[in-house]
Amino acid sequence: MKLRILFTLLLCTTFFTSCKQDKKETKKIPEQSQTETISKPSKKTLSPHTSTMAMIDDAHIHIDYSSPGVRDRIIFGGLLAYNQVWQAGAHNATWLETNKDLTINGKELKAGKYGFFVIPNEEEWTIIFNTNWNQHGKDEYNEKDDVLQFKVTPKISEEVQEHLEYKIVRTSDASGTMSLRWEKVVVEFPFEVN
């Protein structure tokens with residue numbers, strides 16, 4: 001009889017504990033946490049998608065790109081050949097959007113959305129704004145779609161920038177600089193809001 005009571009008590013305890021654990025595991029997680037969990041990739045992303053934005057005067061400027069890493073490679077003149085068009089990021093073409101006209105290198109860039117391309121070189125880089133902003137890499141790049149092209153002298157940094165990074169920095173109420181930095185190269189140019 002004692003054995004039967006002991007066995008029944010053990011069975012009830014096991015059942016109760018099991019139900020309690022199930023209840024813990026099915027506890028409702030707040031929606032924000034669910035979103036964070038779902039959005040986290042299961043493995044490290046090599047070229048994370050990112051963007052940078054700034055308000056300069058009443059202009060909202062947004063640069064959208066994927067940020068590749070150096071990963072112990074020679075980037076310029078190695079992975080990326082000199083004197084060839086590059087989409088200035090990984091995967092899809094980098095794009096810039098502005099809601100106001102800008103003056104860059106003495107020329108007007110109308111409000112709109114543009115593909116941002118470059119032609120790297122040891123001595124100077126060609127900066128390109130192109131109407132075809134929605135493309136994979138440079139697959140559909142066509143020079144006839146360029147709306148603005150100009151040259152910039154790159155700067156060489158002592159420190160390595162592991163992931164490609166864009167910055168928009170205010171320099172006055174209605175002007176600023178845009179820059180990209182990757183590996184040891186920094187390319188920067190000024191602009192004004194019209």
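These legends walk through several close-up views of one predicted model.

The model is predicted, so local features need pLDDT of at least 70 and side-chain atom pairs count only at pLDDT 80 or more, while totals for chains, interfaces and linings use all residues. Residues are numbered from 1 along each chain as its sequence is written, and side-chain values use heavy atoms, with hydrogens and water left out.

**View 1. The whole chain, from its helices to its strands.**
Start with the parts list: the chain has 2 helices and 10 strands. Both kinds of element are DSSP runs numbered from the N terminus, helices being H or I over at least four residues and strands being E over at least two. Reading from the N terminus, you meet the elements as α-α-β-β-β-β-β-β-β-β-β-β. The chain has 194 residues, and 37% of them count as buried. Here buried means under 20% relative accessible area, exposed means over 50%, and partly exposed is in between (1.4 Å probe, protein chains only). A contact means heavy atoms within 4.5 Å. Take the contacts between residues at least 6 apart in sequence: 55% of them join residues at least 24 apart.

**View 2. An open sheet of 6 strands.**
In what order do the 6 strands of this open sheet stand? The order is 1-2-3-6-7-8, with antiparallel pairing. Strand 1 (49-56) and strand 8 (146-152) each have a single partner strand, so one side of each has no neighbour in the sheet. From one strand to the next, the twist averages 20 degrees. That angle, from 0 to 180 degrees, is taken between N-to-C directions, with axes as lines fitted to C-alpha atoms (for helices, over the stretch in contact). Two strands count as paired if DSSP finds at least two bridges between them. As a bit of background, strands of a sheet pair through backbone hydrogen bonds, either parallel or antiparallel.

**View 3. His62 and its surroundings in strand 2.**
Zoom in on strand 2 (residues 59-66), where His62 lies. Is His62 buried or exposed? His62 counts as buried because its relative accessibility is 15%. Leaving out neighbours within four places in sequence, His62 is in contact with Ser51, Thr52, Met53, Trp95, Leu96 and Glu97. Strand 2 also pairs with strand 3 (residues 95-98), in the antiparallel sense and over 4 bridges. Across this pairing, Ile61 stands opposite Thr98 in strand 3.

**View 4. Asp72 and Asn83 in the loop between strand 2 and strand 3.**
Asp72 sits in the loop between strand 2 and strand 3, and Asn83 is found in the loop between strand 2 and strand 3 too. Asp72 isn't a glycine, yet its phi is positive, near 60 degrees. Asn83 isn't a glycine either, and has a positive phi of about 65 degrees. Asp72 is exposed, with a relative accessible area of 80%, and Asn83 counts as exposed at 53% relative accessibility.

**View 5. Lys144 in the loop between strand 7 and strand 8.**
Look in the loop between strand 7 (125-130) and strand 8 to find Lys144. Lys144 is exposed because its relative accessible area is 67%. Lys144 and Asn130 are 14 residues apart along the chain, and their C-alpha atoms are separated by 8.6 Å.

**View 6. An open sheet of 4 strands, with a hairpin.**
The 4 strands of this open sheet run in the order 5-4-10-9, again with antiparallel pairing. Strand 5 (107-109) and strand 9 (155-172) are the edge strands, each pairing on one side only. The twist here averages 35 degrees from one strand to the next. Strand 9 and strand 10 make a hairpin with 2 residues between them, and they pair in the antiparallel sense over 10 bridges. One bridge to pick out links Glu165 with its partner Arg181 in strand 10.

**View 7. The largest cavity and the residues that line it.**
The count is 1 cavity of 30 Å³ or more, and the largest cavity has a volume of about 30 Å³. A cavity is a set of points on a 1 Å grid over the protein atoms alone where a 1.4 Å probe fits but cannot get out; lining residues have an atom within 4 Å of a point. Grid points are joined across faces, edges and corners, and the volume is the space filled by probe spheres set on the points. Which residues line the largest cavity? They are Phe116, Ile127, Tyr166, Met178, Ser179, Leu180, Val187 and Phe189. Strand 10 (residues 175-193) gives the largest share of the lining, 5 residues.

How values were computed: 1 Å grid on protein atoms, 1.4 Å probe; cavity = no way out; pocket = protein on both sides within 12 Å on 5 of 7 lines; lining within 4 Å.
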